[in-house]
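This report describes one protein chain for a reader who is new to structural work. Please keep the sequence and the structure in view while reading.

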Amino acid sequence: MFSRLSTKGIPEYCTSLTGNALLRTDQLTVQFGQQPVLENINLSLKPGRIVTLIGPNGSGKSTLVKALIGAIKPTAGHIVRSRDLKIGYVPQRLHLDPTLPMTVHRFINLPKRHASRDIAEALEQAGAEHLLNAAMNHLSGGQLQRVLLARALLSRPSLLLLDEATQGLDHRGVAEFYQRIEQIRQRSQCAVLMVSHDLHVVMRTADHVICLNRHVCCEGQPEKVAASPQYHALFGDQAASTLAFYRHQHANPQDKEILRHAG
Ligand SMILES: Nc1ncnc2c1ncn2[C@@H]1O[C@H](COP(=O)(O)OP(=O)(O)OP(=O)(O)O)[C@@H](O)[C@H]1O
């Protein structure tokens, strides 16, 4: 069923996938020197689904995302990917030389140029159409995230990977960003895997939540995860408040709409 890919640029530990998953990991394990960081991770990403990865600081979330994009080689296990998989990646941070003048237009055309029509469409989807000629080093945190999202969308990804893309945004910015991801998912039916610390928003927007602490502690639909002892052991008081929030929302569905608008 699976075969080694010979496609240039795809690491040899990645194999191809048939069936409806876009990407799957089998017993994925990463160690830095003697330090185990990820142990036996099995996950599956399917078109049109939003999967959120949560876990405490240092639990291996970014390492997992980097392994999925091929930037970190697993110590053991496999990454199994569909042949037509196209990944759009929004990094946690971007380090740009503040003395280097660069417009959004120029940044988005690095390392390769894109047609103006495609750039306009990606910026529009990311809510950044007005930023085309803005200077990169003058962008606010929220504007920069939208530009990074637009850049990731340019490849028309079948899988969008977001590593704490809402870091540093205020509540409203976080809510808007997640709404945008939801619209993109509906429009393109791409799969989304995002790393997040925004537990309330995660519980409201994800289809599937994976709780990571070197290994997968628990996973499933938000309600199941929010009620699990493993989640409570990891997140303590914060977990209790997300569960209360989730139950309140479901007991009062009219509040959902109010919250959606209030962010
Ligand atoms: N290149 C590396 N070399 C050595 N150790 C690393 C490397 N990258 C990450 N680590 C270590 O691996 C562990 C997991 O780091 P990772 O960044 O994946 O965690 P995280 O869950 O994304 O954390 P945070 O929520 O703080 O962003 C940490 O102990 C980190 O110090």
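## Overall fold and burial

Of the 263 residues in the chain, 37% count as buried. The model is a predicted one. Nine helices and ten strands make up the secondary structure elements of the chain. Among contacts between residues at least 6 apart in sequence, 66% join residues at least 24 apart.

An unreviewed UniProt entry places the feature "domain: ABC transporter" at residues 23–238. Over residues 23–238, helix accounts for 35% of the chain and strand for 27%. The C-alpha atoms at the two ends of this range are 31 Å apart.

## The surroundings of the ligand

Which residues are around the ligand? They are Phe32, Val37, Gly55, Asn57, Gly58, Ser59, Gly60, Lys61, Ser62 and Thr63. Helix H1, which covers residues 61–68, gives the most to this shell, with three residues. The table sorts the shell by class.

| Class of residue | Number in the shell around the ligand |
|---|---|
| Nonpolar | two residues |
| Polar | seven residues |
| Charged | one residue |

## A hairpin of two strands

Strand E9 (residues 208–213) and strand E10 (residues 215–220) run antiparallel and are joined by five bridges. Val209, for example, has Gly220 in E10 as its bridge partner. How many residues lie between E9 and E10 in the hairpin? There is one residue between them, and Arg214 in the turn has a positive phi of about 70°.

Terms used
Residues are numbered from 1 along each chain as its sequence is written. This is a predicted model: local features need pLDDT of at least 70, side-chain atom pairs count only at pLDDT 80 or more; totals for chains, interfaces and linings use all residues. UniProt positions are given in the numbering used here, feature names are shortened, and annotations may be inferred rather than shown by experiment. Helices (H or I, at least four residues) and strands (E, at least two) are DSSP runs, numbered from the N terminus. A residue is near a molecule or strand if its C-beta atom, placed from the backbone, lies within 6 Å of it. Ala, Val, Leu, Ile, Met, Phe, Trp, Tyr, Cys and Pro count as nonpolar, Asp, Glu, Lys and Arg as charged, and the others, Gly among them, as polar. Two strands pair if DSSP finds at least two bridges between them. A residue is buried if 20 or more other C-beta atoms lie within 10 Å of its own, exposed if 12 or fewer, and partly exposed in between; C-beta atoms are placed from the backbone. Two residues are in contact if their C-beta atoms, placed from the backbone, lie within 7 Å.
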